[in-house]
Amino acid sequence: MKFTCSKNDLSEALQTVSRAVANKPQMPILSGVYIRAEGSTLEMQANNFSLGIIAKTPVNTEEPGELVVVGKYFLEIVRKLSGDAVTISYEPGESVVNIQSESASFNLMAMSPEDFPKVKSQEVVTSFKIRAGKLKNLIRKTAFACSTDEVRPIFTGCLFEIGGTSVTVAATNTHRLSIVRDQLAEEVAELRFVVPAGNLRDLMRMLESSAPENPVTVDYCGKYMSFTFDNIFMTSRLIEGQFPPYDKVIPSSSETFVTANVAELLSAVDRVALISKETEYNTIRFIFSQNGIEISSTSPEVGKASEHVACTIEGPDLDISFNVAYIFDVLKALDGAECRIALNQRLSPADIREAGNDNFIYVVTPVRT
């Protein structure tokens, strides 16, 4: 096996598939990246059984073949090569692969390609297309709200609900809930599935290099989902279980309505958070009144911070506290210039949305102080 390709192309493809390399592999082969060169195409794969990725890049093949090399070291070597082109050669049955670029030469341990669990396409039940920009936005506005506690796996993923031309994605860790809705260009049969948030975040990063209008083909395969776009194929295991009826958490009515500038509110929260990080529950206090929003946090060991933000308020004044991370996360996810915050009592959930846009709903539970 021998091929030559662009260092930048190789590095980009490696960066993509490395997201699926197992951090703590159950088997040594799962720490590897599978490489196959044939004709003008170089195919690389990584698979940790929860997430599998295939990336393809142009190559000049002198001798076709395949091998598996440890992904961590291979990626670091390619990143630091000084040349524009990389030549890789490997003799089947040998234990090392040679990597050359300009005056640099590396011999890296290789593994048998026959032992690698290749990423496979599953039998497709339903398929649809969505623009890359839309899919990235659906993930960006929900995945951050998922739980990281593996004790309740269903809350570590995002629920996708699809029917007709509508798609809804919801995520919750039981203390906050994020919901976003959008439209598809085609009608799709009703689907309901939960994708691990970590896999979706990897997908979102891969979509960064894709044009917003590029189509992404999404295949539902029962226990797996796959996403195909550009020169990338990604498959993700789904989370089994019953996602809770999230719509019941959304407040049906509110007494106090606040309209504020997102950038101003985000900046103020960010500054006050310097003190709140030292409190027991990372708590930040909001006093909503006709004079605006008074944001503050107090730590007995560190000190106190407070800041005033102008806003428009309708309804009774309210004194309420939140986990600062839960507020900071949603403010970063908002796209509009203004947000609308709907409130009831000091221990009742708050409803936060982009002003004039009900397709993105965020519900957060206050902290009892």
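**Helix pair and open sheet**

Helix 1 crosses helix 2 with left-handed geometry. The model is predicted. Two parts of it are described here: this helix pair, and an open sheet of 4 strands with helix 6 packed on it.

**Helix 1 and helix 2**

- Helix 1 covers residues 7-17 and helix 2 covers residues 71-80.
- Their axes lie 9 Å apart, and the two helices pack at an angle of about 150 degrees.
- Because angles over 145 degrees count as roughly antiparallel, helix 1 is roughly antiparallel to helix 2.
- On the helix 1 side, the contact involves K7, L10, S11, L14 and Q15. These residues meet F74, L75, V78 and R79 of helix 2.
- Sorted by class, the contact between helix 1 and helix 2 has 5 nonpolar residues, 2 polar ones and 2 charged ones.

**The open sheet**

- The strand order in the sheet is 19-18-17-21, and the pairing is antiparallel.
- Strand 19 (303-309) and strand 21 (318-323) are the edge strands, each pairing on one side only.
- From one strand to the next, the twist averages 20 degrees.
- Strand 18, residues 292-299, pairs with strand 19 in the antiparallel sense over 7 bridges.
- S296 has S306 in strand 19 as its bridge partner.

**Helix 6 on the sheet**

- Helix 6, made of residues 324-333, packs on the sheet and touches strand 17 (283-289) as well as strand 21.
- The direction of helix 6 makes about 85 degrees with that of strand 21.

Conventions. Residues numbered from 1 in each chain as written. Predicted model: local features only at pLDDT ≥ 70, side-chain atom pairs only at ≥ 80, totals over all residues. Heavy atoms only, no water. Pairing = 2+ DSSP bridges. Axes fitted to C-alpha atoms, helices over the stretch in contact; angles between N-to-C directions. Contact = heavy atoms within 4.5 Å. Parallel < 35°, antiparallel > 145°, perpendicular 65-115°, else oblique. Left-handed = near helix turned anticlockwise from the far one by under 90°. Nonpolar A, V, L, I, M, F, W, Y, C, P; charged D, E, K, R; others polar.
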